[in-house]
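Reader: Can we go through the charged side chains in this one? I'd like to start with whatever forms a network.

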Amino acid sequence: MKKVYKACRICKRLTLDDVCPVHGDEKTREDWFGFLIINDTNSIIAKKADIKEPGIYAIKVRS
Ligand SMILES: [Zn+2]
């Protein structure tokens, strides 16, 4: 079975789960573009995207 990453509309975190691990009730969706891998939350990219935890994030999530 193919693994499909899904994105949370609120925090843009990518996950294989159907709900966001941070926003328990928020259903994740497959309709997203591009992603950022954040290792260093002090990096300029992380600050620009307002990301406070390392992880993989979608650049854009359709709502
Ligand atoms: Zn979330």
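Author: This is a predicted model. In it, Arg9, Glu26 and Arg29 are linked in a network of salt bridges.

Reader: How many salt bridges in the model?

Author: The count comes to six.

Reader: OK, away from the network. Which residue does Lys6 pair with?

Author: Asp18, through a salt bridge with N to O at 2.3 Å. Lys6 is in strand S1, residues 6-7, while Asp18 is in the loop between strand S2 (14-15) and strand S3 (32-38), so the pair ties together parts 12 residues apart in sequence.

Reader: And Lys6 itself, buried or exposed?

Author: Buried, because its relative accessible area is 14%, and the cut-off for buried is under 20%.

Reader: What does Glu53 form a salt bridge with?

Author: With Arg13; their closest N and O atoms are 3.5 Å apart. Glu53 sits in the loop between helix H1 (44-48) and strand S4 (55-61), and Arg13 in the loop between S1 and S2, so this pair ties together parts that are 40 residues apart in sequence.

Reader: Where do those two stand on accessibility?

Author: Glu53 is partly exposed, at 44% relative accessibility. Arg13 is buried, at 14%.

Reader: Switching to Lys52. Which side chain does it meet?

Author: The side chain of Asp50, in a salt bridge of 2.6 Å from N to O.

Reader: Is that pair buried or exposed?

Author: Both Lys52 and Asp50 are exposed.

Conventions
Residues are numbered from 1 along each chain as its sequence is written. This is a predicted model: local features need pLDDT of at least 70, side-chain atom pairs count only at pLDDT 80 or more; totals for chains, interfaces and linings use all residues. Side-chain values use heavy atoms; hydrogens and water are left out. A salt bridge is a side-chain nitrogen of Lys or Arg within 4 Å of a carboxyl oxygen of Asp or Glu. Helices (H or I, at least four residues) and strands (E, at least two) are DSSP runs, numbered from the N terminus. Buried means under 20% relative accessible area, exposed over 50%, partly exposed in between (1.4 Å probe, protein chains only).
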